[in-house]
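Hi,

Here is the structure I promised to pass on. Please have a look through it, and then read my notes below.

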Amino acid sequence: MFHFLNDYSESAHPDIITAMHDAHLQQHKGYGFDEYSERVRDQIKAQLSDPDIAIHFGITGTQANLVCIDAMLTPIDGIIACDTGHIAVNEAGAIEATGHKVILAESKDGKLTIEALDKVRVRHSFTPHVVRAKAVYISNTTELGTVYSYHELKAISDYCRKHDMYLFMDGARLGAAIASSHANPNDKDMSITDYAQLTDIFWFGGTKMGAMFGEILIIPNKKIATDFNIYLKRHGGLMAKGYLLALQFEVLLKDNKYLELCHHANTMAKKLAEGIQSCGIELFVPAQSNQVFALMPQALIATLKNDFEFYEWEQLDNGFSIARLVTSWATPEMQVDRFVQLLQKATSNN
């Protein structure tokens, strides 16, 4: 049985395990004041050409989202997210528990569009009867594995600045987005620098790209950065052994190791998607990163699940379901080939 359930089934890249082993009997300062944290901050600041940008470390994605959102909003503020957004559907009301309403907008292939954003913002201008729509949430990659192009992201960024709203980006799979080769060929390649220029606050996920755990929180907006560490502490996100977070990113950032790992995950997903399509099965959305969503008969899903684990994302009314398959930095190509071979056999018998 092989899992295509997620991109964190494996513990961590061997280089990270080695680095943690080498450091485990050394003494380090706590709460992010250690030498690993300082070196990673300095490296990112140099890459962004901004020596003053605020950089913190988080433990989990949900915690990163709620800390960032609580730090940027006042009690009368809400945040707009598309109806497939992670904070809207998969975080057990964590954002609402901080006192901030998640305001839903329609999505297109998992993305937030300007048209949907504007419709919701206008509706939430009817003060004092509604919460103020003060921020916008997106994730890149999206919940459906699609990737925002530079022009799509810049349009949202420009809209937010025009209407005095913050733009916050969940980067749980930002490595996969940066490594994606499926962007519009007429568009520019994206880097962390672009995200720092276009957002007010974003985070760069390690958990899903080869780290054992941990995320980097980057805050270009100096107003939000003020007192951010207090919010991090208040929400249980200031880890005493913070060096364990930073040393993992030191490994991933060295020689852009994370891009190599994410490129492998994306390549395996592309091969998986092409194999699925070769069997006459349609994709629910384009496969642009390391997640593949396919429209499959429920009987076929049951057959495949004798050998592979993956999510039946959503049951449809016509006897079909949306199946989600996720590849990782460690996915063996032979398992992708084996899945496609089993699929070919199952579909050829029908």
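These notes cover a pocket, the nonpolar cores and one glutamine.

This is a predicted model, in which local features need pLDDT of at least 70 and side-chain atom pairs count only at pLDDT 80 or more, while totals for chains, interfaces and linings use all residues. Residues are numbered from 1 along each chain as its sequence is written, and side-chain values use heavy atoms, with hydrogens and water left out.

Of the 63 residues in the largest nonpolar core (buried Ala, Val, Leu, Ile, Met, Phe, Trp, Tyr and Cys joined through side-chain atoms within 4.5 Å), those touching the most other members include Ile 80, Val 136 and Phe 204. Helix H12 (helices are DSSP runs of H or I, at least four residues) contributes the most to this core, with 9 residues. A second, separate core has 28 residues, among them Leu 66 and Ile 224.

Gln 248 also lies in H12, which spans residues 243-253. Is Gln 248 buried or exposed? Its relative accessible area is 0%, so Gln 248 is buried (under 20% with a 1.4 Å probe, protein chains only; exposed is over 50%). The Gln 248 side chain reaches the backbone nitrogen of Met 212 at 2.6 Å. Gln 248 touches (heavy atoms within 4.5 Å) Ile 16, Met 20, Ala 211, Met 212 and Phe 213, leaving aside residues up to four places away in sequence.

As for the lining of the largest pocket (an open set of points on a 1 Å grid over the protein atoms alone where a 1.4 Å probe fits, with protein on both sides within 12 Å along at least five of seven lines; lining residues have an atom within 4 Å of a point), H3 gives the largest share, 3 residues.

Best wishes

Conventions. Helices (H or I, at least four residues) and strands (E, at least two) are DSSP runs, numbered from the N terminus. A polar contact is a pair of N or O atoms within 3.5 Å; within protein, one must be able to donate a hydrogen and the other to accept it, and residues adjacent in sequence count only if both atoms are side-chain atoms.
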